[in-house]
Amino acid sequence: MIPGVRLVMLGRQGAGKGTQCVRMSRHFVVPHISTGDMLRAAVREGTELGKSAKTVIEAGSLVGDDIMVALVDERLRMDDARTRGYILDGFPRTVAQAQAHDKLAKARPLDVVIDLVVPRELVLERLTSRRVCRDCGANYTSTGIDRSPWVCDMCGGDVVQRADDTPDAINRRLDLYETQTQPLIDYYGGSGRLESVDGVGDPDVVFGRLTSAIERHR
Ligand code: AMP
């Protein structure tokens, strides 16, 4: 079997990270750990975490570092992540989260950090027309004349617009990305683990760029 990988995916929301991560997770046979999906599941289930995260997510702000680190720590201790590795999507989002992750992954450090680069204007356009499957997280693009009800081709779940995909929340998230998450490029840049990958283009071509970048580090 193809060897696993320990990978962090950085990039603006709407850069196509989610879809590419799902595909890479199948390719490398490692779990796709999306902190956004984990938080949205907690909101749906009405857990304590979900209740406190709901307003933060809808405002396009960031959930506290301690909460996020504890959530990821618990997930990385599971057998699948410990044996074959993982793709972390949406985490770390701050330097404090990256430092905490480096500490808890000391015994099995990251192989590679990918920065999927897509210009802000383009992601703004994509996020406004983004629709997602409530159940499996598959991404779709609204053309303005959508099926109603819109059912996911992958799993039959409802395809909806995310509550945090309003123009205000989108702009806030993109601003936060620049102030909080871009500094991770410097943080990882010095370690020789960082690969910048052009995220503009046909999804199959972008996927090819991603797998080549990963292969250089395994
Ligand atoms: P995403 O699906 O990655 O776009 O995440 C959706 C929302 O969940 C973000 O806008 C944040 O409010 C929250 N979130 C997800 N991951 C993190 C994280 N690592 N740190 C803080 N907040 C997060």
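In this predicted model, the axes of helix H2 (residues 35-45) and helix H3 (residues 48-58) come within 8 Å and cross at roughly 115°. The crossing by which H2 passes H3 is left-handed. On the H2 side the contact is made by Leu 39, Ala 42 and Val 43, while H3 contributes Leu 49, Gly 50, Ala 53, Lys 54 and Ile 57. Divided by character, the residues of this contact of H2 with H3 are six nonpolar, one polar and one charged. The charged residue is Lys 54 and the polar one is Gly 50, because Lys counts as charged and Gly is placed among the polar residues.

The strands can be described next. Five of them form an open sheet in the order S2-S3-S1-S4-S8, and the pairing is parallel. Strand S2 (32-34) and strand S8 (194-198) stand at the edges, where each has a single partner strand, so one side of each is left without a neighbour in the sheet. On average, and with direction ignored, neighbouring strands of this sheet are turned by 25° against each other. Within the sheet, strand S1 (residues 5-10) and strand S4 (residues 112-117) pair in the parallel sense over four bridges, and Val 8 has Val 113 in S4 as its bridge partner.

Two further helices, H6 and H7, can be set side by side through their buried residues.

| Helix | Buried residues | Arc around the axis |
|---|---|---|
| H6 (residues 95-104) | Gln 97, Ala 98 and His 101 | within 100° |
| H7 (residues 120-128) | Arg 120, Val 123 and Leu 127 | 65° |

In H6, Gln 97, Ala 98 and His 101 are the buried residues; seen down the axis of the helix, they fall within an arc of 100°, so they line one face of H6. The cover over the buried residues of H6 includes helix H4 (65-76), strand S3 (85-89) and helix H9 (183-189), and S3 is also a member of the five-stranded sheet.

In H7, Arg 120, Val 123 and Leu 127 are buried, and they cover an arc of only 65° around the axis, which puts them on the same side of H7. An α-helix has 3.6 residues a turn, so residues three or four places apart point the same way. On the other side of H7, Glu 121 and Glu 125 are exposed. Strand S5 (130-133) and helix H8 (167-181) are among the elements that cover the buried residues of H7.

Definitions and conventions:
Residues numbered from 1 in each chain as written. Predicted model: local features only at pLDDT ≥ 70, side-chain atom pairs only at ≥ 80, totals over all residues. Heavy atoms only, no water. Buried < 20%, exposed > 50% of the residue type's maximum accessible area, 1.4 Å probe, protein only. Helix = DSSP H or I, 4+ residues; strand = E, 2+ residues; numbered from the N terminus. Arc of directions from axis to C-beta. Contact = heavy atoms within 4.5 Å. Pairing = 2+ DSSP bridges. Axes fitted to C-alpha atoms, helices over the stretch in contact; angles between N-to-C directions. Left-handed = near helix turned anticlockwise from the far one by under 90°.
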